Amino acid sequence: MKPSELIKMIESGNADTMLKRVYVTDEAVEKQKPRYIRTANKFIEIFGDTGDVMVLSAPGRTEICGNHTDHNNGRVLAASINLDAIAVAAPTDNNIIHEKSEGHSMNVVDLSDLSLDKSKFGHSTAMVKGVAARLKENGYKIGGFNACTTSDVMGGSGLSSSAAFEVLIGTVISHLYNDGNIDAVTIAKAAQYSENVFFGKPSGLLDQTASSVGTFVTIDFKSVENPVISKINFDFNKSGHSLCIVDTHGNHSDLTDDYAAVRSEMESVAKALGKTVLREVSYEEFMSSICVLTGKVNDRALLRAVHFFNENKRVERAVSCLESNDFEGFKRVITDSGLSSFLYNQNVYTNKAPTQQKLSLALCLSEEILRGKGAWRVHGGGFAGTIQAFVPNDMLEKYRSTMDDVFGEGSCHILTIRPIGGARVI
């Protein structure tokens, strides 16, 4: 259909069923409609009211459990969220991708030259090019297209706006040129490859996989080359809870050393035991060697190793709870994960500024409000930024207002778990 026909379809309500498959509730669908119409109008403005367009979407993601485990080949549990990047896209026959993101300049990629250009590190054009290059290497069809995109995944929130964009590009190529037959994991791997090689940013596979696969997903990184990925079919919307991400607006500057130390200290324990990463060490071997390790590695490294081993077990327990529909047990695991991150992994505030503890304050307030009712933990890398909470819906307004009063209006983002990953919507 033409873009103008797409707009009429959305306005008339004839797209409601398709939108609801992604956004779940009637209220959420109504909120999305203006955004979709705005993106279609932008397509008409830039590319004209021609071409057979389709609408595609890729969600942001949240880390649920497995804090700082992936870099030592551990287990993680993540989920897609109801914030997403969307595209109105149409194929062309000129072998050139024109992608215009709302608020950004046009990305132009000539598919006749997919060579790596390191001068483009850090540019979104490189992300588009990298996804196309990798999918072509994997034997899939690629081709030119025009697309207008927009995203409501907040940047810098730990919800992986870049992964959503990369997965969106892969989803566009899948549906425009491969009948939607590129599987979600392949798209995720192409997105990760693009970010690592073409964009120049190291990243694991967690973000892209959670976005592409959708809903709850657990990943075992014992083999980094071939991680075991499992989708968990749990209907979060029937849990009676909402997912809250609280932005504490802490200072993110100068935290590189803090993040790097978590990984290096965990690895220092493994190396002291003749291994490369902690996943190669058994819990029993570690515990029986603590007396030997003391003095060879620093004390915090030992604490972070304890966190790693127990966090892997918590991921397994959290998955088991979801699979058995035990949400109360799941919440206890999540709160235990947060406590371990605070006590042992120690990534809730930086020792460079010990009096600045916005994450600690948010966690403290969460405990005061949600004790015995909800769950709370640090979200993502930590040290500054966001916390995560699972809040009973009847307590949602009290929780939101408290967090907004302390950290500023709009600091508490009320989300839900999205049931599908990267997908064609219309």
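Student: Why is Tyr-23 called buried?
Tutor: Its relative accessible area is 5%, and buried means under 20%, with exposed over 50% and partly exposed in between (1.4 Å probe, protein chains only). So Tyr-23 counts as buried. A word on the model: it is predicted, so local features need pLDDT of at least 70 and side-chain atom pairs count only at pLDDT 80 or more, while totals for chains, interfaces and linings use all residues. Residues are numbered from 1 along each chain as its sequence is written, and side-chain values use heavy atoms, leaving out hydrogens and water.

Student: What makes Tyr-23 and Tyr-36 an edge-to-face pair?
Tutor: Rings of Phe, Tyr and Trp (its six-membered ring) pair if their centres lie within 6.5 Å; planes under 30 degrees apart are stacked, over 60 edge-to-face, and the rest tilted. By this rule there are 15 aromatic pairs. In this one the centres are 6.2 Å apart and the planes stand at 90°, so both values fit the edge-to-face rule. Tyr-36 is buried too, at 1% relative accessibility.

Student: Why does this pair tie together parts that are apart in sequence?
Tutor: Because Tyr-23 sits in helix α2 (residues 16-23) and Tyr-36 in helix α3 (residues 26-47), the pair links parts 13 residues apart in sequence. Helices here are DSSP runs of H or I, at least four residues long, and strands are runs of E, at least two, numbered from the N terminus.

Student: Which phenylalanines do ring pairs link into a cluster?
Tutor: They are Phe-216, Phe-234, Phe-236, Phe-327, Phe-330 and Phe-390. Phe-216, Phe-330 and Phe-390, along with Leu-77, also touch the most other members of the largest nonpolar core, which has 62 residues. Such a core is a set of buried Ala, Val, Leu, Ile, Met, Phe, Trp, Tyr and Cys residues joined through side-chain atoms within 4.5 Å. Helix α5 (residues 161-177) gives the largest share of this core, eight residues.

Student: How do you know that Ser-80 is buried?
Tutor: Its relative accessible area is 0%, so Ser-80 falls under the cut-off for buried. Ser-80 belongs to strand β2 (residues 75-91).

Student: What makes the approach of Ser-80 to Thr-215 a polar contact?
Tutor: A polar contact is a pair of N or O atoms within 3.5 Å; within protein, one must be able to donate a hydrogen and the other to accept it, and residues adjacent in sequence count only if both atoms are side-chain atoms. The side chain of Ser-80 reaches the backbone nitrogen of Thr-215 at 2.7 Å, so the distance fits. A polar atom of the Ser-80 side chain also lies 2.9 Å from the backbone oxygen of Arg-418.

Student: How do you know that the span of helix α11 agrees with what is expected?
Tutor: The expected span is 1.5 Å times one less than the number of residues. For the 25 residues of α11 (residues 299-323) that is 36 Å, and the end C-alpha atoms are 37 Å apart, which agrees. At the start of α11, a side-chain oxygen of Asn-298 comes within 3.0 Å of the backbone nitrogen of Arg-300. Just after α11, Asn-325 takes a positive phi of about 60°.

Student: What makes β3 and β4 paired strands?
Tutor: Two strands pair if DSSP finds at least two bridges between them. Five bridges join β3 (residues 96-101) to β4, and the strands run antiparallel, so the rule is met. In β4, Asp-110 is the bridge partner of Ile-96.
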